[in-house]
Amino acid sequence: MLRQAGDVAGLQVLDLGCGEGRFSRMLSQQGATVFGIDPTPELIEEAERLGGATYEVGFAEDLPYDDESFDLVVSYLVWIDVADVYPCIAEAARVLKPGGRLLVANLLPMVTTPGSGWEKDASGGLTHYRLDRYREETATPQSWYGINVLNWHRPMETYMKAYLAAGLRLTFYEEPLGDPEIIAKEMPTLMRLPFFDVQEWTKPG
């Protein structure tokens with residue numbers, strides 16, 4: 001995400017779903033003026049304590065910013081936590097300046113599909129990845145550090161249609177691996193199947 005964000009010095013950046021502000025602080029350290037927004041008050045409180053950006057409680061579906069306010073909007077593992085991506089992506093596009101970019105990291109739908117996972121043989125070795133009910137949009141309750149959320153699964157088609165409906169143009173796509181030696185040692189399944197993707201969408205103009 002940082003590599004694709006590039007030189008952000010002097011840019012107006014919105015961290016959409018900023019959580020406790022980790023990515024906001026990274027971008028701020030690179031010289032950007034960063035605004036972070038998240039619906040969880042406890043996370044915004046922690047982000048404000050740690051600093052690095054201007055933070056507020058709010059929702060991706062109804063952003064409290066003027067049209068064409070930002071050069072870059074980043075969304076890091078946020079879309080799986082919203083019930084409807086269409087208004088979220090439309091709002092992200094609205095607050096982007098012409099030529100601005102929406103940079104998104106999201107879990108791949110084959111990972112979020114209910115009941116998906118690796119099958120093993122009698123000795124415990126991985127044989128294949130199980131996938132079914134891919135087209136069903138469903139939500140699964142999750143709890144992270146005492147915060148309860150719904151993680152949404154939806155097919156890739158839904159995301160693509162939402163971006164296109166917002167008038168955005170795909171300018172970068174990657175299913176990142178990271179350092180192959182570290183991945184092979186600590187999470188070898190990523191060598192066989194990607195876990196998430198990074199997409200960059202640009203607002204024409």
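Modeller: Let's start with a term: on a 1 Å grid over the protein atoms alone, a cavity is a set of points where a 1.4 Å probe fits but cannot get out. This is a predicted model, where local features need pLDDT of at least 70 and side-chain atom pairs count only at pLDDT 80 or more, while totals for chains, interfaces and linings use all residues. Residues are numbered from 1 along each chain, and side-chain values use heavy atoms, leaving out hydrogens and water.

Biologist: OK, how many cavities of 30 Å³ or more does the count come to?

Modeller: By that rule, one. The largest cavity has a volume of about 50 Å³, a volume being the space filled by probe spheres set on the points, which are joined across faces, edges and corners.

Biologist: Why is the Y65 and F70 pair called edge-to-face?

Modeller: Rings of Phe, Tyr and Trp (its six-membered ring) pair if their centres lie within 6.5 Å, and planes over 60 degrees apart count as edge-to-face. Y65 and F70 sit 5.2 Å centre to centre with 90° between the planes, so the name fits.

Biologist: And what makes Y65 count as buried?

Modeller: Buried means under 20% relative accessible area, exposed over 50%, partly exposed in between (1.4 Å probe, protein chains only). Y65 has 11%, so it counts as buried. F70, at 3%, is buried as well.

Biologist: Then why is the W118 and Y129 pair edge-to-face?

Modeller: The ring centres of W118 and Y129 are 5.4 Å apart and the planes are at 80°, so that pair is edge-to-face.

Biologist: Are W118 and Y129 buried or partly exposed?

Modeller: W118 is partly exposed, at 24%, and Y129 is partly exposed too, at 23%.

Technical notes. On a 1 Å grid over the protein atoms alone, a cavity is a set of points where a 1.4 Å probe fits but cannot get out, and a pocket is an open set with protein on both sides within 12 Å along at least five of seven lines; lining residues have an atom within 4 Å of a point. Rings of Phe, Tyr and Trp (its six-membered ring) pair if their centres lie within 6.5 Å; planes under 30 degrees apart count as stacked, over 60 as edge-to-face and the rest as tilted.
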